[in-house]
Amino acid sequence: MTALTLSTAAASGLRVDAIVVGVAKGDKGLVVAPGAEAVDKAYDGKLASVLETLGAAGGEGEVTKLPAPSGFKAPVVLAVGLGALPAKADDGEVYDAESLRRAAGVAARALSGAKKAAFALPVEDAADAGVIAEGALLGAYSFDAYKESAKDPKNGKAPLAEVALLGGKPRDKAYKAEIERATALAEELNRARDLVNTPPNDLNPEAFAAVAQAAGKEHGIKVQVLDEKALVKGGYGGILGVGAGSASGPRLVKLSYTSSKADKHLAFVGKGITYDSGGISLKPAGHNETMKCDMAGAAAVFAAVVTAARLKLDVNVTGWLALAENMPSGSATRPGDVLRMYSGKTVEVLNTDAEGRLVLADALAKASEENPDAIIDVATLTGAMVLALGNRTYGIMANDDAFRTSIHEIAEEVGEPAWPMPLPADLRKGMDSPTADIANMGERMGGGLVAGLFLKEFVGEGITWAHLDIAGPAFNEGGPFGYTPKGGTGSAVRTLVRLAERTAAGDLG
Ligand code: BES
Ligand code: MN
Ligand code: ZN
């Protein structure tokens with residue numbers, strides 16, 4: 001991954017491929033953001049007008065390259081748009097965290113193929129340095145593991161290798177901590193993106209479990225893997241039922257990070273369908289090409305637990321990865337089959353494509369046995385949530401209003417668009433089954449909420465629980481934007497990590 005350091009060097013003397021400056025859209029035209037004063041001075045204070053001549057306006061996502069001023073060792077200045085100029089604070093403009101993250105991400109991506117860049121963006125405090133670092137490291141990401149052509153240096157589009165962040169205080173504890181946090185978080189989030197992007201013929205449940213085991217060794221996390229035999233012995237009917245049609249057997253992975261200073265325990269549960277064909281209720285062509293992304297919830301949980309361990313947070317975090325491949329075959333679960341779940345409840349499978357709730361139900365019931373202070377599950381669960389909230393926003397459901405609000409606030413703070421959704425009790429009757437305790441499908445209308453209501457029944461009595469349906473934002477089929485690449489996005493990782501940090505700090509219940 002891209003290496004990032006804080007530097008106090010003057011921009012003019014840096015032997016880098018580009019100096020990045022920020023520009024904003026003011027009422028009276030383009031404004032050069034703080035951090036770029038020395039650069040502007042080298043252009044005789046005309047940087048704004050030169051950029052305007054080149055057509056720049058400062059809008060979000062805009063990139064303008066121009067030759068560096070004379071006397072600079074770098075050849076190029078890259079101006080990145082920060083969006084609308086914020087209202088004036090006493091000491092200048094205050095750019096919000098998400099504008100800084102996005103601009104840094106856009107700049108880092110625009111510089112792919114370059115070796116080294118210096119970022120002269122507005123840094124007022126350590127938190128600003130942290131979000132710029134985060135944006136740059138996430139924006140520089142690309143997934144080329146399967147592109148033989150990309151291995152030829154002549155094609156020259158490797159991610160930006162090095163970033164020197166100017167304007168911060170390299171010796172200051174708070175700055176150092178923010179850079180360390182951003183680096184650990186971005187590395188693990190990018191690893192989650194890699195897992196999502198890895199094709200399903202290479203990432204089956206067994207392979208995912210092996211990745212978790214290796215990471216556990218590296219970061220002092222206890223990892224336990226239940227293979228098919230252990231799942232049968234334990235009575236995990238949901239996970240086994242979903243995995244029954246696949247030549248690659250299912251797994252339940254438990255990752256335990258513990259801190260001696262913790263007095264709270266969080267459980268994260270991730271949907272890990274390494275490929276969702278729909279099973280016997282096969283998805284039609286056009287709906288399964290991207291279904292390698294159906295383990296994005298498990299990837300987010302995995303990344304969040306590893307990040308918590310790397311940051312040595314004072315909170316216990318248990319991650320549960322419910323891994324299976326949903327395939328049709330002679331051994332697959334049929335519509336009409338009844339599964340006996342880990343909790344003891346029976347489920348009539350009416351649609352084998354509603355498989356996520358089945359694997360999650362077992363993992364939620366198992367996670368509940370430890371009586372954690374809260375359980376948060378993350379899942380690419382329903383197409384209905386994508387219809388409701390679009391491709392960039394995830395839905396939050398919970399059995400506790402205050403907890404749902406906290407998650408929403410955290411999501412907003414970390415720059416993950418999310419929105420609270422209800423769990424209307426009247427939708428439960430649609431899942432009444434003549435044969436079993438519950439069916440895995442209900443009314444079509446409000447399908448995302450129906451799925452949430454199903455999960456709720458498998459959460460232990462009295463345990464605070466939230467469900468994040470990330471089906472929309474988990475996988476970006478459009479072009480890259482801000483610090484979000486095409487393909488796997490790492491959705492929900494930053495919400496989970498901040499939740500763990502807040503819980504460690506005692507900020508939450
Ligand atoms: N993995 C899908 C949901 C999904 C859809 C994720 C689009 C990402 C993008 C899930 O397993 C599924 O197939 N859900 C069904 C449920 C239905 C059969 C009740 C759906 O949403 O259509
Ligand atoms: Mn499905
Ligand atoms: Zn699915």
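Colleague: A polar contact is a pair of N or O atoms within 3.5 Å. With that cut-off in mind, which residue has a backbone N or O atom 3.5 Å from a nitrogen atom of ligand 1?

Modeller: That residue is L381, whose backbone N or O atom sits 3.5 Å from a nitrogen atom of ligand 1, and please bear in mind that this is a predicted model.

Colleague: And what does the side chain of K271 do with ligand 1?

Modeller: An N or O atom in the K271 side chain comes to 3.1 Å from an oxygen atom of ligand 1, while D294 places a polar side-chain atom 2.9 Å from a nitrogen atom of the ligand.

Colleague: How many residues surround ligand 1?

Modeller: There are 16 of them, and the closest are K283, D294, D353, E355 and G383, so D294 appears both in that list and in the 2.9 Å approach to a ligand nitrogen.

Colleague: Changing topic, what does the domain assignment give for the protein chain?

Modeller: The assignment splits the chain into domain 1, residues 3-168, and domain 2, residues 188-504, and the centres of the two, taken over C-alpha atoms, are 36 Å apart.

Colleague: How much area do domain 1 and domain 2 bury between them?

Modeller: The figure is about 1,300 Å², with 58% of it on carbon and sulfur atoms; in terms of residues, 14 from domain 1 are in contact with 18 from domain 2.

Colleague: What is the count of salt bridges between domain 1 and domain 2?

Modeller: The count is one. R494 and E134 form a salt bridge in which the closest N and O atoms are 3.0 Å apart. Polar contacts across the interface come to ten residue pairs, with both partners at pLDDT 80 or more.

Colleague: Which helices each supply at least two residues of the side of domain 1 that touches domain 2?

Modeller: Those are α3 (97-110) and α4 (126-139), with α3 giving the largest share of that side, namely six residues. By class, the side of domain 1 that touches domain 2 holds six nonpolar, three polar and five charged residues.

Colleague: Staying with α3, how far apart in the helix are R102 and E98?

Modeller: They are four residues apart, about one turn of the helix, and their side chains meet in a salt bridge at 2.9 Å, N to O. The structure as a whole holds 25 salt bridges.

Colleague: One last thing, where is the place of D337?

Modeller: D337 belongs to the loop between β13 (316-326) and β14 (338-340), and a polar atom of the D337 side chain lies 2.8 Å from the backbone nitrogen of R334. Setting aside neighbours within four places in sequence, D337 is in contact with A332, V347, E348 and V349.

How values were computed: Residues are numbered from 1 along each chain as its sequence is written. Chains are lettered from A and ligands numbered from 1 in the order in which they are written. This is a predicted model: local features need pLDDT of at least 70, side-chain atom pairs count only at pLDDT 80 or more; totals for chains, interfaces and linings use all residues. Side-chain values use heavy atoms; hydrogens and water are left out. Domain bounds come from an automatic or database domain assignment. Contact means heavy atoms within 4.5 Å. Buried area is the accessible area (1.4 Å probe) that two parts lose on being put together, summed over both. A salt bridge is a side-chain nitrogen of Lys or Arg within 4 Å of a carboxyl oxygen of Asp or Glu. A polar contact is a pair of N or O atoms within 3.5 Å; within protein, one must be able to donate a hydrogen and the other to accept it, and residues adjacent in sequence count only if both atoms are side-chain atoms. Ala, Val, Leu, Ile, Met, Phe, Trp, Tyr, Cys and Pro count as nonpolar, Asp, Glu, Lys and Arg as charged, and the others, Gly among them, as polar. A residue is near a molecule or strand if one of its heavy atoms lies within 4 Å of it.
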